[in-house]
Amino acid sequence: IYSALLFLSPTEGMRNIAESQVIQEDVDRISINIVTQEGFSTSDYLRLKDSFDTMFGSEFELKINLVNNIPQTGSFKKRFAINKLGEDYIEKAFERE
């Protein structure tokens, strides 16, 4: 389980990324949705992948999705990080024996 703020670091300073959204799908699986700007290239993609690999290690499966937009919630906000592990998993992770 990672703090949502940790997910902002790999995309910071990348000029060719307009928006991003990180989704923790499972304990070892992360998806990132990227809205690109003109000029986004293969080198930007590889830099992003390398940043995540450096931060989280190779034990994570990373999927990068190039999307046209990040959907808004019902309250017209955009979630930059989503955790899909579920409350059951989080509660078990913090149980004391």
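Helices (H or I, at least four residues) and strands (E, at least two) are DSSP runs, numbered from the N terminus. This is a predicted model, in which local features need pLDDT of at least 70 and side-chain atom pairs count only at pLDDT 80 or more, while totals for chains, interfaces and linings use all residues. Residues are numbered from 1 along each chain as its sequence is written, and side-chain values use heavy atoms, with hydrogens and water left out.

**Exercise 1. Lay out the fold and its confidence.**

Step 1. Count the elements: the protein chain has 2 helices and 4 strands.

Step 2. Put them in sequence order: the pattern is β-β-α-β-β-α.

Step 3. Check pLDDT, the predictor's confidence in each residue, from 0 to 100. The chain averages 79, and 75% of the residues score at least 70.

Step 4. Find the extremes. Strand β3 (residues 61-66) has the highest mean, 92, and helix α2 (residues 87-93) the lowest, 62. Where pLDDT is low, the predicted coordinates should not be read in detail.

**Exercise 2. Place I30 and S20, and decide: buried or exposed?**

Step 1. Set the cut-offs. Buried means under 20% relative accessible area, exposed over 50%, and partly exposed in between (1.4 Å probe, protein chains only).

Step 2. Take I30. This residue lies in strand β2 (residues 29-36). I30 counts as buried because its relative accessibility is 2%. Its C-alpha atom is 9.4 Å from that of N83, 53 residues apart along the chain.

Step 3. Take S20. This residue sits in strand β1. Its relative accessibility is 18%, so S20 counts as buried. The C-alpha atoms of S20 and L66 are 9.5 Å apart, with the two positions 46 residues apart along the chain.

Step 4. Widen the view: of the 97 residues in the chain, 30% count as buried.

**Exercise 3. Find the surface patches.**

Step 1. Fix the rule. Patch residues have over 30% relative accessible area and no salt bridge; like charges are joined within 9 Å, nonpolar side chains (Val, Leu, Ile, Met, Phe, Trp, Tyr) within 5 Å. A salt bridge is a side-chain nitrogen of Lys or Arg within 4 Å of a carboxyl oxygen of Asp or Glu.

Step 2. Name the charged patch: D26, D28, E59 and E61 gather in a negative patch on the surface. D26 belongs to strand β1 (residues 17-26). D26 is partly exposed, because its relative accessible area is 33%.

Step 3. Name the nonpolar patch: Y45, L46 and L66 together offer about 270 Å² of accessible area. L46 is in helix α1 (residues 42-56). At 43% relative accessibility, L46 is partly exposed.

Key. Accessible areas come from the Shrake-Rupley method with a 1.4 Å probe; for residues, only the protein chains shown count as cover. Lys and Arg count as positive and Asp and Glu as negative; His and the chain ends are not counted. The place of a charge is taken as NZ of Lys, CZ of Arg, CG of Asp or CD of Glu.
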